[in-house]
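The following exercises are to be worked with the sequence and the coordinates at hand. Each task is followed by a solution in steps.

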Amino acid sequence: MTYVRVDMGKPNIISQVLCLEIEEETKSFQIEGVHVSMGNPHFVTFVSDVKNYPVEKHGSLIEKHSHFPNRTNVEFIQIDDEDNLMMRVWERSVGETLSCGSGSCAAVVAAIIKNKVKKENVLVKISGGTLQIDWKRDGNAFLQGPATVSYTHLRAHETP
């Protein structure tokens, strides 16, 4: 298997503590997270059971929250231990996806600044696979993971 390592740039921590008031049809609730930009906006929130968390419902509500006029990506994170986390991601204008490189970086940055992980290199387990994110405070984030073909397309008038 081929692996790639990508310099994802320096994260911009916009808010270490951001509390949003979310309005559902019959009730409202608050959700706390970290607002990080990796060149695109991310709201990272920590949950106790990411597998059963209502990502589809809450992801859409957070994405479209008035705090984010251009919408945001949303990462739901469960900490496994000091160097592993599990993530589900809601990408703006798309919905839940199997993976997100910038979201994985934002998640690790948030976990490090909130002291939820102890190491500078963290494994992020996502539906689409596992990525390793390396980040030293005030430096660039690096993403490493397998490079695999997920889709090919041949137009009718092309020959292989």
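**Exercise 1. A glutamine in a strand**

Gln 78 lies in strand β5, which spans residues 73-81. The model is a predicted one.

Task: Determine whether Gln 78 is buried or exposed, and identify the backbone atom that its side chain reaches.

Solution.
1. The relative accessible area of Gln 78 is 15%. Buried means under 20%, and Gln 78 is therefore buried.
2. The side chain of Gln 78 reaches the backbone nitrogen of Val 50 at 2.8 Å.
3. Leaving aside residues up to four places away in sequence, Gln 78 touches Val 47, Ser 48, Asp 49, Val 50, Lys 51, Leu 85 and Met 86.

**Exercise 2. The nonpolar cores**

Task: Establish how many residues the largest nonpolar core has and which of them have the most contacts inside it. Then state which element supplies the largest share.

Solution.
1. The largest nonpolar core has 27 residues. Leu 85, Met 87, Val 108, Val 124 and Ile 133 have the most contacts inside this core.
2. At least two residues of this core come from each of β3 (28-37), β6, α2 (101-113), β8 (121-126), β9 and β10.
3. Helix α2 supplies the largest share, nine residues.
4. A second core, separate from this one, has 15 residues, including Tyr 53, Val 55, Phe 76 and Trp 90.
5. The surroundings of Ile 133 can be listed as well: not counting residues up to four places away in sequence, Ile 133 touches Ser 104, Cys 105, Val 108, Glu 120, Asn 121, Val 122, Val 124, Phe 142 and Leu 143.

**Exercise 3. The buried residues of α1**

Task: List the residues of helix α1 that are buried and name elements that cover them.

Solution.
1. Helix α1 comprises residues 55-63, and its buried residues are Val 55, His 58, Gly 59, Ser 60, Ile 62 and Glu 63.
2. An α-helix has 3.6 residues a turn, so residues three or four places apart point the same way.
3. The cover over the buried residues of α1 includes β2 (12-23), β3, β4 (41-46), β5, β6 and β7.

**Exercise 4. Positive phi outside glycine**

Task: For Ser 93 and Asp 138, give the phi angle, the place in the fold and the exposure.

Solution.
1. Ser 93, although not a glycine, has a positive phi of about 65°. Ser 93 is in the loop between β6 (84-91) and β7 (95-97).
2. With 60% relative accessibility, Ser 93 counts as exposed.
3. Asp 138, also not a glycine, has a positive phi of about 70°. The loop between β9 (129-135) and β10 (141-147) holds Asp 138.
4. The relative accessible area of Asp 138 is 67%, and Asp 138 is exposed.

Key:
Residues are numbered from 1 along each chain as its sequence is written. This is a predicted model: local features need pLDDT of at least 70, side-chain atom pairs count only at pLDDT 80 or more; totals for chains, interfaces and linings use all residues. Side-chain values use heavy atoms; hydrogens and water are left out. Helices (H or I, at least four residues) and strands (E, at least two) are DSSP runs, numbered from the N terminus. Buried means under 20% relative accessible area, exposed over 50%, partly exposed in between (1.4 Å probe, protein chains only). A nonpolar core is a set of buried Ala, Val, Leu, Ile, Met, Phe, Trp, Tyr and Cys residues joined through side-chain atoms within 4.5 Å. Contact means heavy atoms within 4.5 Å. A polar contact is a pair of N or O atoms within 3.5 Å; within protein, one must be able to donate a hydrogen and the other to accept it, and residues adjacent in sequence count only if both atoms are side-chain atoms.
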